[in-house]
Amino acid sequence: LVDLGPRIDWCTDFKSGKSWDKRDYRLQKLVSLSDKSDVKIPWELSRCNHLLPMALSYLKNGDDSYPNEFANQVVSWAEGNEYLQTVNWSCPMDTAIRCINWLVAYHTFAQQHRFSEEFSKFLTVELYKGAKSIYENLEVTGDGHNTNHYLTNLLGLLYLGEVFGKTTRANNWRQFAIDEFEKEMLAQINGDGLDYESSLPYHGLVTEIFLMAYLLSTKCDFQFSEQFRNRL
């Protein structure tokens, strides 16, 4: 266990102690062979995978310190990671995962907790920044062999497109994601149902991504094709 202190430093590898500068992520040196640092540490932390378990725990124990901590961490992350100005903006996949975790955790907490209007507006702005960043930096390989990273980009745009669905830009995000999911289902999943990246962990990840997209469609006003559903 590592105590990250009263205020998390989101740009530090807490194992090696190295911190990355707060400047344009495109100017950052992500990997250095001269030290033991690993940029995956701040990246993984910034995915905020821990927030949904916090929300589920809150539904059981009703302790208001949980939603308060959630709100504090969202604000802390945003203040420590100005738009496109840290290594935590380097990977659109991580941005998509973070935004989905924030969004799902927020709605889970909101079943029993009422957040302030100020925080709700703050989160909305940060989610919009995330969607804009994903769309403008899609992880496309260019050779027709996209990966699970690209699928996660699409999933983020699909979720966030629903959040901002009344705007022209969000409708574009959502429709783009739907169309690309249809293409990638055929491109990345072979006829035998296996992920072409030939990795069991990636197969599990890709299955979850396609399934989350499909489940969202059952709650919203769009549908995937029968071909998509059959291959899923």
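Helices in this account are DSSP runs of H or I with at least four residues, numbered from the N terminus. With that settled, let us walk through the structure together, keeping in mind that this is a predicted model.

A good place to start is the loop between helix H1 (40-46) and helix H2 (51-61), where cysteine 48 has its place. Have a look at the backbone here: cysteine 48 is not a glycine, and yet it has a positive phi of about 60°. Most residues other than glycine have a negative phi. The side of the story that concerns solvent is simple, because a relative accessible area of 1% falls under the 20% limit and cysteine 48 therefore counts as buried.

Leucine 84 offers a second case of this kind. Its phi is positive too, at about 65°, although leucine 84 is not a glycine. You will find leucine 84 in the loop between helix H3 (65-80) and H4. With a relative accessible area of 15%, leucine 84 is buried.

Now let us turn to the charged side chains. By the distance rule used here, the count comes to 13 salt bridges. One of them joins arginine 47 and glutamate 44, whose side chains meet at 3.6 Å, N to O. The two partners differ in their cover: arginine 47 counts as buried because its relative accessibility is 13%, whereas glutamate 44, at 33%, counts as partly exposed.

Another salt bridge brings the side chains of arginine 174 and glutamate 162 together at 2.6 Å, N to O. Arginine 174 belongs to helix H7 (residues 168-188) and glutamate 162 to helix H6, so this pair ties together parts that are 12 residues apart in sequence. Here again the arginine is the buried partner, since arginine 174 has 15% relative accessibility, while glutamate 162 is partly exposed with a relative accessible area of 26%.

A third salt bridge stays inside one helix. The side chains of glutamate 180 and lysine 183 meet at 3.2 Å, N to O. Both residues lie in helix H7, 3 residues apart, which is about one turn of the helix. Glutamate 180 is buried, as its relative accessible area is 12%. Elsewhere, salt bridges that share partners join Lys40, Glu44, Arg47 and Asp94 into one network, and you will recognise Glu44 and Arg47 as the pair that meets at 3.6 Å.

Helix H6 deserves a moment of its own. How far apart should the ends of helix H6 (residues 148-163) be? At 1.5 Å a residue, its 16 residues should span 22 Å, and the end C-alpha atoms are 23 Å apart, which agrees. H6 is also mostly covered, with 13 of its 16 residues buried.

H6 leads us on to the largest pocket. Which helices each supply at least two residues of its lining? They are helix H4 (92-109), H6 and H8. H4 gives the most, with 5 residues. The lining of the largest pocket has 14 residues, and Asn49, Ile97, Leu155, Glu208 and Met212 lie nearest its centre. The space in this pocket is about 290 Å³.

One of those central residues, methionine 212, has its place in helix H8. At 31% relative accessibility, methionine 212 counts as partly exposed. To get a feel for distances across the model, compare methionine 212 with asparagine 68: they are 144 residues apart along the chain, and their C-alpha atoms are separated by 27 Å.

We can stay with helix H8 (residues 200-219), which also holds leucine 215. Leucine 215 counts as partly exposed because its relative accessibility is 44%. Together with Leu211 and Leu232, Leu215 forms a nonpolar patch on the surface, and the three have about 230 Å² of accessible area together.

Our last stop is threonine 207, also found in helix H8. Threonine 207 is partly exposed, with a relative accessible area of 34%. Between threonine 207 and aspartate 195 there are 8.4 Å in space, C-alpha to C-alpha, and the two are 12 residues apart in sequence.

Methods:
Residues are numbered from 1 along each chain as its sequence is written. This is a predicted model: local features need pLDDT of at least 70, side-chain atom pairs count only at pLDDT 80 or more; totals for chains, interfaces and linings use all residues. Side-chain values use heavy atoms; hydrogens and water are left out. The expected span of a helix is 1.5 Å times one less than its number of residues. Buried means under 20% relative accessible area, exposed over 50%, partly exposed in between (1.4 Å probe, protein chains only). Patches are made of residues with over 30% relative accessible area and no salt bridge: like charges are joined within 9 Å, nonpolar side chains (Val, Leu, Ile, Met, Phe, Trp, Tyr) within 5 Å. Accessible areas come from the Shrake-Rupley method with a 1.4 Å probe; for residues, only the protein chains shown count as cover. A salt bridge is a side-chain nitrogen of Lys or Arg within 4 Å of a carboxyl oxygen of Asp or Glu. On a 1 Å grid over the protein atoms alone, a cavity is a set of points where a 1.4 Å probe fits but cannot get out, and a pocket is an open set with protein on both sides within 12 Å along at least five of seven lines; lining residues have an atom within 4 Å of a point. Grid points are joined across faces, edges and corners, and a volume is the space filled by probe spheres set on the points.
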